[in-house]
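I sat down with this one and kept notes as I went. Here is what I looked up, entry by entry.

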Amino acid sequence: MDLGLTGKVAVITGGSRGIGLATAECLVKEGATVVIAARRQEHLDTAAARLGVDAVQVDVTKNADLDRLAAHVQERFGGADILVNNAGTGTYKPFLEVTDEDLEYGMAINFFAQFRLTQRLVPGMIARGGGAVINVSGRTAVRTAYPPGSTCTGPAKAAEVRFSADLAMELKPHNIRVVCIVPGVVMTPDRFEKWEREALGRELTVEEVASLRDRLETEKLPPGAQWGKPSELADMIAFVSSDRASYLSGESIIVDGSPGAYSYVRALNEPAT
Ligand SMILES: NC(=O)c1ccc[n+]([C@@H]2O[C@H](COP(=O)([O-])OP(=O)(O)OC[C@H]3O[C@@H](n4cnc5c(N)ncnc54)[C@H](OP(=O)(O)O)[C@@H]3O)[C@@H](O)[C@H]2O)c1
């Protein structure tokens with residue numbers, strides 16, 4: 001299926017690793033001009049060299065960085081046709097241990113960043129005649145988590161779902177669609193390492209990581225199931241970004257091939273069977 005993305009300008013936050021990187025790769029293959037934004041320069045450089053994307057060092061929790069990114073996209077490309085608000089993270093802690101800093105960061109990196117960057121790029125999108133905003137949320141937006149809990153991440157991810165629905169109504173007259181993608185558990189190395197570090201209280205060796213992930217996949221997933229791959233999310237994001245999804249806006253799509261499967265964080269926190 002030709003997605004008709006040739007020549008489109010796409011901005012992807014968190015485009016240097018995980019789901020964002022896979023999305024950048026997918027959109028480049030579809031002929032789009034891609035701008036990725038993230039904090040760590042070495043990963044931006046690696047992605048830029050491999051994929052030929054434009055890479056901008058940005059912390060999406062900082063307004064000045066978002067201003068700089070928006071100005072760069074406007075000056076260099078005349079605005080964006082596609083915005084993938086993907087940078088985000090999940091922190092899992094018992095409610096009584098959540099600090100004010102965790103709470104504020106959860107909103108800032110997830111919902112506030114999506115809101116603020118969209119506000120900065122939509123005027124250019126309107127001037128180009130329309131486009132698509134894709135907000136990446138997470139399963140904790142729509143289902144209750146489990147010990148150790150996602151009271152500080154779940155509500156931020158839920159805000160992204162609600163934001164997408166409302167924004168779609170407002171931007172419809174401007175020919176801009178807004179879609180929220182809600183991933184299940186997706187095997188992204190940085191994310192899994194963060195959760196392992198938090199659950200076990202230390203870094204793991206390469207061998208420990210491999211055996212832990214194999215064991216949890218065998219023990220905790222239904223037969224034949226596996227954690228999702230970044231490319232499986234990227235394919236969905238590319239499709240909903242394109243005009244082939246023209247009859248789709250304001251909705252949240254759960255992309256989860258192992259419904260009912262264990263959360264990776266829950267699996268990590270349960271004793272071995
Ligand atoms: N993987 C999952 O199981 C899963 C499940 C549900 C939802 N999601 C959602 O899917 C999205 C992508 O997750 P992922 O697993 O692909 O994450 P990941 O592998 O940890 O990658 C995160 C990306 O975002 C960038 N990033 C992180 N903080 C940033 C900041 N403050 N400013 C700019 N960039 C930042 C990272 O680069 P730097 O660190 O260099 O900035 C990296 O490029 C997130 O919104 C996440 O909540 C993931």
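**Ligand shell.** I began with the ligand and found 30 residues around it; the closest are Gly 14, Gly 18, Arg 40, Gly 88 and Gly 138. A residue counts as near a molecule if its C-beta atom, placed from the backbone, lies within 6 Å of it. I'm working with a predicted model, where local features need pLDDT of at least 70, side-chain atom pairs count only at pLDDT 80 or more, and totals for chains, interfaces and linings use all residues. My residue numbers run from 1 along each chain as its sequence is written.

I sorted the shell by type and got ten nonpolar, 13 polar and seven charged residues. For that split, Ala, Val, Leu, Ile, Met, Phe, Trp, Tyr, Cys and Pro are nonpolar, Asp, Glu, Lys and Arg are charged, and the others, Gly among them, are polar. Which helices each supply at least two residues of the shell? I noted helix H1 (18–29) and helix H6 (189–200). H1 gives the most, with three residues. Helices (H or I, at least four residues) and strands (E, at least two) are DSSP runs, numbered from the N terminus.

**Helix H1.** I checked the length of H1: its twelve residues reach 17 Å from first C-alpha to last, close to the 16 Å expected at 1.5 Å a residue. The expected span is 1.5 Å times one less than the number of residues. Is H1 largely enclosed or left open by the rest of the structure? Ten of its twelve residues are buried, so H1 is largely enclosed. Buried is 20 or more other C-beta atoms within 10 Å of a residue's own, exposed is 12 or fewer, and partly exposed is in between, with C-beta atoms placed from the backbone. Among the buried ones I listed Gly 18, Ile 19, Glu 25 and Cys 26. Just after H1, Gly 31 takes a positive phi of about 100°.

**Helix H6.** H6 also has twelve residues, and spans 16 Å between its end C-alphas, close to the 16 Å expected. I found Phe 192, Trp 195 and Glu 196 buried here. Seen down the axis of H6, the buried residues fall within an arc of 100° (the arc of the directions from the helix axis to the C-beta atoms), so they line one face of the helix. A reminder to myself: an α-helix has 3.6 residues a turn, so residues three or four places apart point the same way. What do the buried residues of H6 pack against? They pack against helix H7 (206–220) and helix H9 (264–269). Contact here is two C-beta atoms, placed from the backbone, within 7 Å. Gly 201, just after H6, has a positive phi of about 75°.

**The core.** The largest nonpolar core has 74 residues, and Ala 10, Ile 36 and Ile 181 have the most contacts inside it. Helix H4 (residues 100–127) gives the most to this core, with seven residues. Such a core is a set of buried Ala, Val, Leu, Ile, Met, Phe, Trp, Tyr and Cys residues joined through C-beta atoms within 7 Å. I followed up Ile 181: leaving aside neighbours within four places in sequence, its contacts include Ile 134, Val 136, Leu 233 and Val 255.

**Strand S4.** I looked at two residues here. Asn 85 lies in strand S4 (residues 82–85) and counts as buried because it has 31 C-beta neighbours inside 10 Å. Beyond four places in sequence, Asn 85 touches, among others, Thr 13, Leu 117 and Val 133. Leu 83 is in S4 too, and with 29 C-beta neighbours inside 10 Å it is buried. Contacts of Leu 83 past four places in sequence are Val 11, Leu 117, Thr 118, Leu 121 and Val 133.

**Loops.** Thr 99 lies in the loop between S4 and H4, and with 11 C-beta neighbours inside 10 Å it counts as exposed. Thr 99 and Val 84 are 15 residues apart in sequence and 29 Å apart in space, C-alpha to C-alpha. Asn 175 sits in the loop between helix H5 (154–171) and strand S6 (176–183). Asn 175 is not a glycine, yet has a positive phi of about 65°. I counted Asn 175 as partly exposed, with 14 C-beta neighbours inside 10 Å. Gly 130, in the loop between H4 and strand S5 (131–136), is partly exposed with 15 other C-beta atoms within 10 Å. Asn 175 is one of the contacts of Gly 130 beyond four places in sequence, along with Met 125, His 174 and Ile 176.
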